[in-house]
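Reader: Hey, can you walk me through this one? I'm new to looking at structures.

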Protein chains: 2
Amino acid sequence: MKKYIGKKKQVYLEEHSIANLFSFPVEDYIEVHEYQRNDWIIQESMRPDFLFYVIEGKAKIYITHQNGKVSLINFINANEYIGEMELLHDVYYTKGIQASTKTICFALPTHYYRKQLLEDAKFLRELTKFLSVKATEMAAKYTQSLAFPLENRLADFILQTADERIYKERHVTVCDYLGVSYRHLQHVLRQFCDKGYLQKEGRNYQIKQFHSLKELAQVLQN
Amino acid sequence: MKKYIGKKKQVYLEEHSIANLFSFPVEDYIEVHEYQRNDWIIQESMRPDFLFYVIEGKAKIYITHQNGKVSLINFINANEYIGEMELLHDVYYTKGIQASTKTICFALPTHYYRKQLLEDAKFLRELTKFLSVKATEMAAKYTQSLAFPLENRLADFILQTADERIYKERHVTVCDYLGVSYRHLQHVLRQFCDKGYLQKEGRNYQIKQFHSLKELAQVLQN
DNA sequence: GAAATAATAGGAGATATCTCTTATTTTGAG
DNA sequence: CTCAAAATAAGAGATATCTCCTATTATTTC
């Protein structure tokens with residue numbers, strides 16, 4: 001992790017206005033952190049000392065279960081919070097957060113700002129919206145995972161993540177995210193290829209029948 | 001649904017202080033609603049006109065999927081909100097909320113109070129905590145459902161809901177909640193009986209080997 | 001209180017998904 | 001650039017879970 005100081009810090013503070021996040025000044029103790037791909041922003045079960053707000057990049061929330069299985073709970077993108085659970089709750093099992101690209105965050109030392117943050121309607125309103133979206137997304141993912149086989153959920157995921165009709169997520173990440181075994185993911189991807197929905201190109205897959213995938217994905221939605 | 005008026009309403013307002021929920025007066029337009037078991041407090045896809053706060057009782061959040069499967073997303077208990085998603089978001093797919101016992105709620109017409117509520121730090125702070133707990137719970141349920149078979153999740157559910165060592169939830173509710181088929185739920189319950197963990201008594205089950213269930217349930221936790 | 005509806009019970013067979021294993025290819029650290 | 005570690009690929013067999021079906025027993029409704 002790198003901590004930006006001096007001019008570089010100033011540039012980030014100026015270019016990413018935090019005036020719409022908080023209604024009190026945080027310049028005194030705010031920090032700007034940069035994490036490299038695969039760095040751990042927060043380690044599992046280690047309570048963080050900061051509330052983070054992601055400016056650039058993308059990260060992953062992981063939890064390790066007692067049976068050794070690892071779940072990728074969700075992705076975190078720019079303009080989202082990290083460490084808000086610990087800010088709100090004295091007792092909380094901290095999940096692991098790993099940068100999946102270079103990630104730059106504002107970091108507010110909760111020691112200094114916790115009290116003020118919890119009094120600030122502007123901050124709380126944004127956080128409330130953020131959390132309500134998260135809760136809704138998790139509920140959707142939960143019920144979808146129980147109501148539909150991988151075929152449907154994978155089709156949805158492929159359409160969401162494909163770039164220019166090319167799907168190129170790593171299988172290991174996807175099976176943690178969709179909660180299935182590596183072997184099964186391979187099996188369903190193979191089916192998609194056999195049916196002509198996808199065409200394998202080295203490590204990537206090209207979408208050949210968009211509408212077929214769309215049809216599979218659509219049944220998830222309301 | 002019954003709307004309490006006059007003295008009855010006053011009694012509820014006095015006995016369940018809302019002074020710790022809002023920092024502005026809501027007496028003018030607040031209502032007190034009573035729902036009977038199985039009444040729909042909110043119907044799926046019908047945007048509600050109120051923000052509810054449950055005073056007494058218990059309700060269930062349902063969503064119906066396109067394939068006809070119904071998921072019981074979660075239970076709602078006393079001192080929890082209903083309709084907060086619609087308060088926060090203009091666009092939201094409204095889930096169905098059904099009373100599972102007689103349920104009494106405060107009902108704030110959002111038409112009158114929305115603006116003020118979204119400015120009120122006291123309200124927002126409580127709602128933020130509520131939502132963060134919900135998001136965490138949903139994430140836990142989601143990852144557990146993917147990482148563990150029904151055996152473990154059912155053991156946990158039995159221990160959580162059993163009263164005096166007697167488990168008496170309705171199977172239809174439980175399979176919507178745990179996201180498995182009725183048939184499979186029966187199958188695993190039968191296994192628990194065969195192994196001597198439970199003993200069937202009419203419709204109910206008596207817990208015979210607490211520690212065995214505990215062992216199965218414990219692997220879910222962190 | 002009888003008829004309709006919902007819940008429980010369980011057989012039989014299908015399928016979605018997992019575990020274990022072995023081999024090859026790619027990536028990352030030094 | 002090299003070697004170890006991680007990711008990919010895929011066979012084979014096990015098991016968790018589902019669908020469909022048919023009875024029987026509660027519960028609700030008129």
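Author: Sure. One definition before we start: Asp, Glu, Lys and Arg count as charged, Ala, Val, Leu, Ile, Met, Phe, Trp, Tyr, Cys and Pro as nonpolar, and the others, Gly among them, as polar. Also, keep in mind that this is a predicted model.

Reader: Ok, so how do the residues of the surface near DNA strand C divide?

Author: Eight are charged, six are polar and six are nonpolar.

Reader: Which residues come nearest to strand C?

Author: There are 20 residues around DNA strand C, and the nearest are A:Ser181, A:His184, B:Gln186, B:Lys200 and B:Arg203. Of the strand's atoms within 4 Å of the protein, 62% belong to sugar and phosphate.

Reader: What does the side chain of B:Arg183 have 2.9 Å away?

Author: A base oxygen of DNA strand C, 2.9 Å from an N or O atom of that side chain. B:Tyr182 has a polar side-chain atom 3.0 Å from a sugar or linking oxygen of the strand. For B:Val172 it's a polar backbone atom, 3.1 Å from a phosphate oxygen.

Reader: And which helix gives the most to that surface?

Author: H7 of chain B, with four residues. Helix H6 (171-178) of chain B and helix H7 (182-194) of chain A each supply at least two.

Reader: Switching topic: how do the axes of H5 and H7 in chain A cross?

Author: At roughly 75 degrees, coming within 11 Å. Angles of 65 to 115 degrees count as roughly perpendicular, so H5(A) is roughly perpendicular to H7(A).

Reader: Which residues make the contact?

Author: Among them are A:Leu154 and A:Ile158 of H5(A), plus A:Leu185 and A:Phe192 of H7(A). By class, that contact has eight nonpolar residues, one polar and one charged.

Methods
Residues are numbered from 1 along each chain as its sequence is written. Chains are lettered from A and ligands numbered from 1 in the order in which they are written. This is a predicted model: local features need pLDDT of at least 70, side-chain atom pairs count only at pLDDT 80 or more; totals for chains, interfaces and linings use all residues. Side-chain values use heavy atoms; hydrogens and water are left out. A residue is near a molecule or strand if one of its heavy atoms lies within 4 Å of it. A polar contact is a pair of N or O atoms within 3.5 Å; within protein, one must be able to donate a hydrogen and the other to accept it, and residues adjacent in sequence count only if both atoms are side-chain atoms. Axes are lines fitted to C-alpha atoms, for helices over the stretch in contact, and angles run from 0 to 180 degrees between N-to-C directions. Angles under 35 degrees count as roughly parallel, over 145 as roughly antiparallel, 65 to 115 as roughly perpendicular and the rest as oblique. Contact means heavy atoms within 4.5 Å.
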